[in-house]
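Reader: Before accepting any label applied to this model, I should like to see the value and the criterion behind it. May we proceed in that manner?

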Amino acid sequence: MAKNLLIVESPAKAKTIEGYLGKDFLVKSSYGHIRDLVKTDDAIDTDDNFKQKYEVPSDKKALVSELKKLAKSAETVWLASDEDREGEAISWHLYETLGLKDDKTKRIVFHEITKPAILKAIESPRKIDFNLVNAQQARRVLDRLVGFELSPVLWKKVKPSLSAGRVQSVAVRLIVERERDINKFNAEAAFKVVAIFNTGNQKDRFKAELPNRFPTVEEASQFLNDCANAVFNIKSLETKPSKRSPSAPFTTSTLQQEASRKLGFSVARTMQVAQRLYEAGRITYMRTDSVNLSDTALQGAKSEIINAYGDKYHKLRQFRTKSAGAQEAHEAIRPTYFNDHTIEGDNSEKRLYELIWKRSIASQMTEAEFEKTTAKINISTRSEDLVASGEIMKFDGFLKVYFESSDDDNDDIDLDNSDNSILPPLSNGQNLNLETMNATERFSRPPARFTEASLVKKLEELGIGRPSTYAPTISTIQNRGYVVKEDRDGKERSFKVLTLTDGKISEVTKTEITGAERNKMFPTDIGVLVNDFLVQHFKGIVDYHFTAKVEKEFDEIAQGFKEWTHMLSNFYGPFHSEVQNTLDNADRATHERELGIDPVSGKPISVRVGRFGPLVQIGSADDEEKPAFASLRKGQMIETITLEEALELFKLPKKVGEFEDKEMTVAIGRFGPYIRHNSSFYSLPKGLDPLDVEQDQAIEIIKEKRQKDKDKVIKVFDENPDAKIENGRWGPFVRFGKQNLKIPKGTEVEKITYADVLKWAEEDPKAAGSKKAKTTKTTKAKKK
DNA sequence: CAGTGAGCGAGCTTCCGCTTGACTT
């Protein structure tokens with residue numbers, strides 16, 4: 001039996017450390033927390049100094065008894081959980097639960113998983129820091145009290161099974177308020193002037209812009225008119241050097257943002273893939289708020305950069321964490337071995353690793369150097385100047401490996417697609433030829449909707465949530481139905497373009513699609529309802545700065561300046577009376593809106609949330625004739641739907657005639673408008689209004705879809721016409737009745753036999769059972 | 001991808017943060 005038992009939080013870490021220490025050390029993992037508050041309402045006794053009831057969850061029982069046994073036979077137990085609030089609490093829980101003895105227990109911490117760092121840690125053990133533990137208890141208890149008192153208020157006043165919490169409710173609030181800002185926003189139009197000049201040589205074309213915009217078409221037109229007979233020359237030339245520095249290496253949040261922008265990953269996917277890389281030993285720990293690199297990492301990056309790019313590309317950089325509430329128990333996310341530029345693995349692993357490698361390497365590289373030239377162009381007939389600017393890279397520096405993307409997309413209209421960042425050689429006073437000049441009507445843009453990743457960024461800025469909870473929080477608010485992540489179609493908008501060429505001005509009206517969104521976060525009606533209720537009755541909790549405020553107090557507890565139960569009773573007293581007061585006095589939250597009167601029947605029209613979601617109702621329940629109902633569609637909300645839009649909803653589904661003796665119906669479903677015929681669904685082509693569809697057109701669409709489906713079939717098996725090989729979106733696959741089977745890698749499609757199909761169908765994991773285990777629960781709940 | 005849309009009200013739901021595997025219908 002080993003003399004020493006060392007316990008860390010993560011099994012992957014345990015494996016690495018075991019290799020560094022001799023056989024005198026047995027290294028085990030606690031797999032995070034080993035116990036938690038009991039799940040019932042009596043977990044905390046608010047009348048007895050917030051005394052807590054803990055339990056070891058059932059899935060941790062076996063682990064705990066194993067650790068207990070090992071601890072008993074060890075001479076010394078080393079508690080090596082992370083050096084932060086939660087880590088300290090894990091050590092304390094281990095100490096209590098495993099029944100450790102004070103003289104046999106040592107607490108150690110290290111920030112990097114290297115042999116010297118761990119040996120050094122072992123040389124300087126300490127005791128458990130109970131100030132830190134108390135800070136964690138305060139955090140844990142506060143979250144439980146808030147969550148388990150607020151949620152039941154929602155069950156009573158809004159709808160059962162809803163939830164509220166210090167983190168999730170603020171996340172929802174951010175999305176709801178952003179949506180309102182967007183709805184409130186009034187786009188202002190103005191004319192932007194862009195000119196294309198040359199220096200007499202057609203090859204040397206370049207772009208110049210007018211710094212200010214014209215609010216009206218008349219002013220823009222006047223400007224172009226003046227320019228028609230003007231002489232243009234260079235008024236001034238200025239060249240300035242500029243530099244750009246690389247960003248810090250990745251934290252959880254910045255990794256999620258970049259993987260979202262560059263690879264299109266959801267935050268959950270990023271974390272899954274990163275976890276696999278971590279377990280394979282390719283990267284350091286992926287849940288971190290630190291931008292710090294260890295000395296070994298700095299050395300590794302340095303030698304790799306000098307090796308691959310040369311001395312002048314290396315620059316030692318130490319980054320400081322700027323995010324609020326960072327605890328920095330780990331390093332930044334970086335490759336474990338910098339000399340591996342790429343790795344083996346699936347596509348997503350390779351791409352994410354490459355992103356991490358590049359960002360880490362770039363963070364230790366020199367600045368990129370530019371020379372920016374700005375030319376002012378005089379217009380003989382006007383007082384304004386046009387401005388042309390160009391940028392030349394003098395030295396690439398870190399840009400050799402990494403280019404960070406940003407959230408802002410550029411909507412400039414480029415008059416030519418060539419690289420307009422370089423200016424031809426110019427000199428002061430030089431005359432220029434105007435090729436063409438445009439005044440284009442541009443609109444100011446509303447605030448951007450959140451993506452998963454930009455929401456994480458915002459939460460991090462506010463100090464809300466932790467690296468380990470960003471992805472789960474994003475999932476929770478979607479699972480509760482407070483927000484949805486989806487695509488929405490934009491609307492058409494027309495804009496004017498004035499063009500001056502060869503001294504003549506022409507005007508055209510063009511159209512563009514505006515407001516189209518992909519993979520963005522939208523609030524739902526229930527999300528709005530819950531948010532407004534919480535803001536009205538619990539302003540303090542859903543305040544954006546609530547977390548920052550209590551974090552400050554947790555820090556004071558951690559430093560021993562404040563008593564944790566004292567802090568909690570200061571909070572809980574007023575909070576609990578707010579809860580009581582709301583339960584006793586607040587009305588049931590409803591979100592009903594009267595839209596007006598139906599012009600056909602003269603009955604009132606209203607919108608509200610029903611049992612199956614938001615709906616429009618014509619007439620009231622008291623009428624003799626039953627009211628008519630229709631569900632709201634994707635993108636429509638109680639808050640913003642208009643009377644006209646509501647009336648539209650009653651025009652569908654609509655019968656459009658018959659085909660093959662069966663009725664055809666047009667309706668709008670989750671995936672857009674469709675024709676339903678003989679229990680099959682046929683999507684309508686984009687841009688076709690479902691109300692306009694007539695019988696002949698519908699038949700055409702059905703026939704076309706059938707032909708397309710036929711064309712997709714590569715082969716039908718003689719043994720069974722329900723088994724076929726088809727061309728799908730991602731290549732060929734086998735359709736076998738209702739099962740869709742993946743063709744194993746390396747299989748030649750022509751050589752697939754029916755026997756293969758039967759075998760694959762047998763092995764298909766989805767075939768065994770895809771039904772949700774929800775049925776048992778609901779039937780149980782139904783019995784009287 | 002249908003249409004449905006109350007109600008007498010049993011007994012259920014729920015937090016945040018730390019970490020990975022996992023009963024089988």
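Reader: Which element supplies the largest share of the surface near DNA strand B?

Author: Helix H5 does, with nine residues. This is a predicted model, in which local features need pLDDT of at least 70 and side-chain atom pairs count only at pLDDT 80 or more, while totals for chains, interfaces and linings use all residues. Residues are numbered from 1 along each chain, chains are lettered from A and ligands numbered from 1 in the order in which they are written, and side-chain values use heavy atoms, without hydrogens and water.

Reader: What makes a residue "near" DNA strand B?

Author: One of its heavy atoms must lie within 4 Å of the strand. Of the 50 residues around DNA strand B, those that come nearest are His 33, Ser 161, Tyr 285, Ser 468 and Tyr 674. Of the strand's own atoms within 4 Å of the protein, 57% belong to sugar or phosphate and the rest to bases.

Reader: What makes the approach of Arg 140 to DNA strand B a polar contact?

Author: The term denotes a pair of N or O atoms within 3.5 Å; within protein, one must be able to donate a hydrogen and the other to accept it, and residues adjacent in sequence count only if both atoms are side-chain atoms. A polar side-chain atom of Arg 140 is 3.2 Å from a base nitrogen of DNA strand B, so the pair meets the limit of 3.5 Å. His 33 has a backbone N or O atom 2.5 Å from a base oxygen of the strand. For Glu 9, a side-chain N or O atom lies 3.2 Å from a sugar or linking oxygen of DNA strand B.

Reader: Why is Asn 49 called exposed, and is Phe 50 buried or exposed?

Author: Buried means under 20% relative accessible area, exposed over 50%, and partly exposed in between, with a 1.4 Å probe and protein chains only. Asn 49 has 52% relative accessibility and therefore counts as exposed. Phe 50 has a relative accessible area of 4%, and is therefore buried. Asn 49 lies in the loop between strand S4 (44-45) and strand S5 (51-52), and Phe 50 lies in the loop between S4 and S5 as well. Phi is near 55° for Asn 49, a positive value in a residue other than glycine; Phe 50 has a positive phi of about 55°.

Reader: How do you know that the buried residues of helix H4 line one face?

Author: Helices here are DSSP runs of H or I with at least four residues, and strands are runs of E with at least two, numbered from the N terminus. In H4 (residues 115-123), Ala 117, Ile 118, Ala 121 and Ile 122 are buried. Seen down the axis of H4, they fall within an arc of 135°, so they line one face of the helix. The arc is that of the directions from the helix axis to the C-beta atoms. On the other side of H4, Pro 116, Lys 120 and Glu 123 are exposed.

Reader: Why is Gln 617 classed as buried, and which side chain does its own side chain meet in a polar contact?

Author: Its relative accessible area is 8%, so Gln 617 is buried. Gln 617 belongs to strand S21 (residues 613-618). Its side chain makes a polar contact with the side chain of Arg 608 at 2.8 Å. A polar atom of the Gln 617 side chain also lies 3.2 Å from the backbone oxygen of Gly 619.
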